[in-house]
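Got your viewer open? Let's take a walk through this protein, one selection at a time.

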Amino acid sequence: MVSKYNAIARAHSNIAFIKYWGNKNDELRLAANSSISMNLKDLYTTTQVEWSDNISDDVLSINRKQADESARKRVSSHLQLIRDRFNVSKFATVNSINNFPMGTGIASSASSFAALTLAGVEALGESMSEKELSALARRGSGSASRSIPAGIVEWHAGDTDETSYADTFTQSSHWDLVDVIAIISKHHKRTGSSAGHTTAGTSVLQSVRVESAAKRLEDVKDAIVKKDFELFADVVEEDSNLMHAVMMTSRPPLFYWEATSLEIMKTIRDERINNRLQVCYTLDAGPNVHCICIREHAEQVISLLQDISSHIEIRTSSAGEGAHIVQSLNE
Ligand code: PMV
């Protein structure tokens with residue numbers, strides 16, 4: 001019998017055009033700067049939460065296997081925020097499934113914590129506004145705040161728990177952008193983003209990056225409204241380069257790029273400048289290159305990547321919806 005305290009939610013991964021790197025407050029995950037991203041329709045996490053009085057701790061499985069203790073603890077801390085908010089003492093059994101295989105080098109924390117937040121709240125029979133859900137998801141993983149609303153999403157950095165949340169900047173139908181992801185390495189990153197955020201301030205470049213982020217955010221928003229790909233591409237690439245410059249000059253330094261990442265970045269830029277291909281690159285805390293392009297140029301971008309190396313695995317995704325309730329883990 002399906003219990004009353006049960007719900008299943010789905011949330012999509014996202015790729016940031018203006019990046020979040022470093023916090024004003026690590027515990028609350030209050031970002032140093034506002035950011036903007038696109039939800040990825042074809043990459044998602046589906047999570048079932050069932051609250052119960054009959055278990056004495058939270059239980060987590062990921063992709064139908066018992067999760068390791070560090071993942072379980074992180075999920076349990078997030079569930080504690082939900083327990084505290086609604087004054088409940090139940091524990092939860094959580095089953096989480098990613099439609100992109102684990103270890104593809106595609107970060108799952110944004111989609112995972114967004115789905116966990118929505119399913120956890122819904123399973124208690126409670127409801128929260130999109131803004132509140134986004135702020136709560138942020139506590140699990142900053143970028144998860146951007147996987148709650150639909151389409152192209154802006155996370156307002158804010159100054160407090162309540163004022164740091166994301167909302168839709170524009171629906172994805174406004175501009176048919178595609179993310180062609182070049183998967184260079186499937187190895188787990190040595191330094192994850194949670195640890196990386198805490199060292200961002202050790203780079204002398206971080207304050208410059210943060211101070212200039214508001215202007216880049218305005219430029220990207222302007223480019224999106226006008227569908228001005230040239231402006232969009234220049235700012236998105238500059239913002240990614242700046243974040244990686246901060247990473248590389250932090251103590252200890254973080255080097256996420258591989259030789260192939262750089263080769264792809266140069267090729268993408270050359271093709272845009274010399275052959276008018278509407279594509280630009282952006283990289284998160286890993287070596288995989290997200291090539292953002294207009295739909296009409298996606299096939300050409302895929303063949304470019306295949307020409308660079310036959311070993312590069314490719315995933316593509318268009319812009320997607322926000323977190324929502326579904327009826328089954330497999331639908
Ligand atoms: O949400 P986190 O802690 O996984 O941080 C995400 C950081 C980046 O992916 C590098 C940038 C971003 O804005 O998504």
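Start by selecting arginine 72, which counts as buried, with a relative accessibility of 16%. Keep in mind as you click around that this is a predicted model.

**Stop 1: a helix and a loop**

Now add aspartate 57 to your selection. Its side chain and that of arginine 72 form a salt bridge, with the closest N and O atoms 3.4 Å apart. Which parts of the chain does this pair link? Arginine 72 sits in helix α1 (residues 69-86), while aspartate 57 is in the loop between β4 (35-52) and β5 (59-62), and the two are 15 residues apart. Aspartate 57 is partly exposed, at 35% relative accessible area.

Stay on helix α1 and pick out arginine 83, which lies there too. Is arginine 83 buried or exposed? It counts as buried, because its relative accessibility is 3% and the cut-off for buried is under 20%. Next, select leucine 124 and check the C-alpha atoms: those of arginine 83 and leucine 124 are 9.5 Å apart, although their positions lie 41 residues apart along the chain.

**Stop 2: a pair of helices**

Jump to arginine 272 and aspartate 234. Their side chains meet in a salt bridge, 3.6 Å from N to O. Here the link runs from helix α7 (residues 259-275), home of arginine 272, to helix α6 (residues 229-248), home of aspartate 234, and the pair is 38 residues apart. Arginine 272 counts as buried at 3% relative accessibility, whereas aspartate 234 is partly exposed at 40%.

Don't deselect yet: add Glu237 and Arg269. Together with Asp234 and Arg272, they are linked in a network of salt bridges.

**Stop 3: two loops**

How many salt bridges does the structure hold? There are 17. For another of these, select lysine 19 and aspartate 284, whose side chains meet at 2.7 Å, N to O. Aspartate 284 lies in the loop between β11 (279-282) and β12 (289-294), and lysine 19 in the loop between β1 (6-18) and β2 (23-25), so this pair ties together parts that are 265 residues apart in sequence. The two partners sit in different surroundings: lysine 19 counts as buried, with just 1% relative accessibility, while aspartate 284 is partly exposed at 27%.

**Stop 4: the ligand**

Now for the ligand. Select the residues around it and you should get 14, of which Tyr20, Ser141, Ser143, Arg146 and Ser193 come nearest. Colour that shell by type and it divides into five nonpolar, six polar and three charged residues.

Zoom in on the ligand's oxygen atoms. One oxygen is 2.6 Å from an N or O atom in the side chain of serine 143. Click over to arginine 146, where a side-chain N or O atom is 2.7 Å from an oxygen of the ligand. Then try histidine 197: a polar atom of its side chain lies 3.0 Å from a ligand oxygen. How much of the ligand does the protein bury? Taken alone, the ligand exposes 390 Å², and the protein buries 95% of that.

For your last view, colour domain 1 (6-173) and domain 2 (174-318) separately. Where does the ligand lie relative to these domains? Both give residues to the shell around the ligand, so the ligand lies between them.

Note on methods. Residues are numbered from 1 along each chain as its sequence is written. This is a predicted model: local features need pLDDT of at least 70, side-chain atom pairs count only at pLDDT 80 or more; totals for chains, interfaces and linings use all residues. Side-chain values use heavy atoms; hydrogens and water are left out. A residue is near a molecule or strand if one of its heavy atoms lies within 4 Å of it. A polar contact is a pair of N or O atoms within 3.5 Å; within protein, one must be able to donate a hydrogen and the other to accept it, and residues adjacent in sequence count only if both atoms are side-chain atoms. Accessible areas come from the Shrake-Rupley method with a 1.4 Å probe; for residues, only the protein chains shown count as cover. Ala, Val, Leu, Ile, Met, Phe, Trp, Tyr, Cys and Pro count as nonpolar, Asp, Glu, Lys and Arg as charged, and the others, Gly among them, as polar. Domain bounds come from an automatic or database domain assignment. A salt bridge is a side-chain nitrogen of Lys or Arg within 4 Å of a carboxyl oxygen of Asp or Glu. Helices (H or I, at least four residues) and strands (E, at least two) are DSSP runs, numbered from the N terminus. Buried means under 20% relative accessible area, exposed over 50%, partly exposed in between (1.4 Å probe, protein chains only).
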